Amino acid sequence: MTNREIATIFSEIADILDIKGENPFKVRAYQKAVRAIEGLSEELRAIHARGELRQIEGVGGAIAKKIDELLTTGKLQYYEREKASIPDGLLAMLKIPEVGPKKVKALYEKLGIDTVEKLEVAAQAGKLRELPGFGEKTEQNILRGIALVRRGRERVLLADATELAESIVEKLSQLKEVSVAVPAGSLRRQQETIGDIDILVISHAPQKVMDTFTTLDCVAEVTAKGTTKSSIRTKDDVQVDVRVVEKDSFGAALQYFTGSKEHNIQLREIAMKRGLKINEYGVFSEKTGKMIAGKSEEEVYAALELPVIPPELRQGLDEIDAARDGKLPALLEPSQIKGDLHVHSEWSDGKNSIEEIVEACRALGYTYVGIADHSQSLGVAGGLEPERCEKQIELIRKINRKLKGFRVLAGAEVDIRSDGTLDFPNELLAKLDFVTAAIHSGFKQTRKQLTDRVRSAMENPHVTILAHPTGRLIGRRDPFDIDVVEILQIAKKTGTAMELNAHQLRLDLKDVHLRKAKELGVKVAIGTDAHDLTELRLMRYGVATTRRGWLESKNVLNTLSTTKLLKALKHA
DNA sequence: GCCGTTTTCGGCCCGACTGTTTTCAGTCG
């Protein structure tokens with residue numbers, strides 16, 4: 001039973017208890033456990049085997065016992081019982097925006113509505129307004145919510161959300177009434193996918209900001225418009241919220257709206273113990289009500305005797321402990337990246353010549369670029385035959401002779417075949433500056449097959465980097481079933497680096513596994529997998545993801561100087 | 001259900017907006 005499956009069960013338990021009107025803190029305890037499990041880099045099975053379940057923050061005796069039951073029997077009696085106690089359809093109803101546990105309960109008990117379909121019919125017939133607390137507007141909102149769920153409320157990729165947010169920020173910034181406009185929320189935390197975009201604005205004329213925001217070209221629908229907060233849905237179906245605050249509360253608001261929710265709850269608990277109260281307007285003394293901080297995030301954290309925690313780390317895991325103990329990492333900065341280690345040229349399925357790539361990379365301030373075109377097996381991607389690869393190496397040497405202060409590294413993205421053998425002979429691999437091995441087929445193999453396959457590739461001394469280790473495409477293809485922790489342990493032994501593929505659809509390895517890599521001392525190589533020059537800019541999302549994984553410059557290969565990098569790649 | 005430099009009991013983050021009310025509950029983040 002996977003972490004994901006266990007988290008889903010606890011999440012359903014929380015929903016069921018919520019609908020039944022149980023103690024809300026019990027509901028929250030289950031939700032907290034769900035988030036804790038989702039944040040694990042390790043399988044619960046392994047933690048269970050070591051008897052360390054209760055060391056997980058948010059997992060106490062009762063939940064540990066339930067995890068034990070799930071892992072040993074594959075079932076949970078408590079869950080079966082609770083699930084049987086309410087109709088299945090109620091959980092689906094809860095997924096509709098505007099419909100929460102109280103409404104579900106009322107709809108079910110008073111009108112016998114127990115499916116989304118029945119709810120839709122009743123709303124259309126104007127039956128809901130008979131219930132106390134329900135009116136015509138509520139009916140319309142519920143119908144809209146149902147349509148929204150049917151369309152599938154997909155989360156937006158970090159790169160797409162960033163682009164949209166930056167365009168809105170730019171337009172709001174042009175107003176003379178606006179002094180600052182910045183993204184907050186999960187976007188500022190650089191989460192790999194974004195639900196809603198939050199933008200925070202400092203202005204003394206909030207109404208003007210609200211009016212401008214709700215009438216932007218991209219707006220399809222205004223879902224809320226207040227004096228300091230408005231929400232819209234764009235034509236691309238993304239929800240965007242804008243909040244306006246006063247200058248003196250900006251730090252508190254930025255902290256508050258950056259989240260994560262769990263991080264903020266932890267901060268508030270600390271504040272409470274110190275006789276302080278935090279809200280989006282500032283930090284206040286509980287006794288006197290006097291505001292003691294709020295202008296900047298520095299002030300807010302300082303009021304709790306903490307250094308500012310970088311937004312990417314605010315995940316509600318152990319970052320506050322680390323901050324208190326002075327153990328926050330010096331996270332990787334974009335400016336520390338000296339080159340891209342995964343770029344495709346026109347030799348395989350890329351669009352540009354090596355010379356064009358060099359020029360673009362120099363413009364980005366890099367001092368090297370790793371060309372890694374596909375190998376022969378990948379026919380669809382114009383994979384190189386060994387002879388073509390030899391030719392490419394020659395050309396790269398020729399280009400390098402003409403370059404000053406820049407170096408093209410001759411590499412290849414070599415296919416790991418289904419049987420674990422590599423797609424190029426060793427003699428050829430030996431001539432390359434670096435070899436990135438990757439799985440591009442046979443995703444459906446068993447966990448053991450896939451893990452063994454990658455192991456045999458990594459054990460080849462010429463292989464320096466394992467590309468996109470889990471093969472996932474965010475929102476499109478699940479990661480293949482591979483034991484990432486075991487792969488990392490093998491990498492430690494063989495000295496292989498793990499790629500962080502910075503392509504917007506991949507971000508592979510993901511944050512929790514990067515952190516595990518750091519713990520194990522496995523180096524990370526960031527590559528954009530660019531197939532054209534514009535994709536070279538995806539590096540920023542790679543850097544952001546390493547930051548979420550607590551990586552520092554010393555953990556990342558492409559912060560090294562050319563000489564040191566070449567040496568490190570040979571060693572690997 | 002979790003948790004403990006006040007605690008093994010009694011707390012558990014906080015406010016905006018909406019729609020329904022005529023002072024507030026529900027939902028959301």
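How many of the nine residues of S13 are buried? I began there and found eight of the nine buried, so S13 is largely enclosed by the rest of the structure. I take buried as under 20% relative accessible area, exposed as over 50% and partly exposed as in between, with a 1.4 Å probe and protein chains only. Strands here are DSSP runs (E, at least two residues) and helices are runs of H or I of at least four residues, numbered from the N terminus.

I noted the ground rules next. This is a predicted model, in which local features need pLDDT of at least 70 and side-chain atom pairs count only at pLDDT 80 or more, while totals for chains, interfaces and linings use all residues. Residues are numbered from 1 along each chain as its sequence is written, chains are lettered from A and ligands numbered from 1 in the order in which they are written, and side-chain values use heavy atoms, with hydrogens and water left out.

**Entry: the sheet around S13**

I looked up the partners of S13. Strand S12 (residues 368-374) pairs with S13 in the parallel sense over seven bridges, and S13 (residues 407-415) pairs with strand S14 (residues 434-438), also parallel, over five bridges. Two strands pair if DSSP finds at least two bridges between them. I followed glycine 411 in S13: it is the bridge partner of alanine 372 and of phenylalanine 434 in S14.

I then traced the whole sheet, which is open and has seven strands in the order S11-S12-S13-S14-S15-S16-S17, with parallel pairing. Strand S11 (339-343) and strand S17 (524-527) stand at the edges with a single partner strand each, so one side of each has no neighbour in the sheet.

**Entry: threonine 496**

I found threonine 496 in the loop between helix H21 (484-494) and strand S16 (497-501). Its relative accessibility is 2%, so it counts as buried. Its side chain makes a polar contact of 2.6 Å with the side chain of threonine 494. A polar contact is a pair of N or O atoms within 3.5 Å; within protein, one must be able to donate a hydrogen and the other to accept it, and residues adjacent in sequence count only if both atoms are side-chain atoms. Leaving aside neighbours within four places in sequence, I listed its contacts (heavy atoms within 4.5 Å), among them Met458, Ile465 and Val522.

**Entry: threonine 228**

I found threonine 228 in the loop between S5 and S6. It is partly exposed, at 33% relative accessible area. Beyond its neighbours within four places in sequence, it is in contact with Met210, Val242, Arg243 and Val244.

**Entry: DNA strand B**

I counted a residue as near the strand if one of its heavy atoms lies within 4 Å of it. Of the 47 residues around DNA strand B, Arg28, Gly60, Gly135, Tyr256 and Tyr281 come nearest. H2 gives the most to this surface, with five residues. Of the strand's atoms within 4 Å of the protein, 78% belong to sugar or phosphate and the rest to bases.

I checked three atom pairs. A polar side-chain atom of asparagine 23 lies 2.8 Å from a base oxygen of DNA strand B. A backbone N or O atom of isoleucine 63 lies 3.2 Å from a phosphate oxygen of the strand, and a polar side-chain atom of asparagine 141 lies 3.5 Å from a phosphate oxygen.
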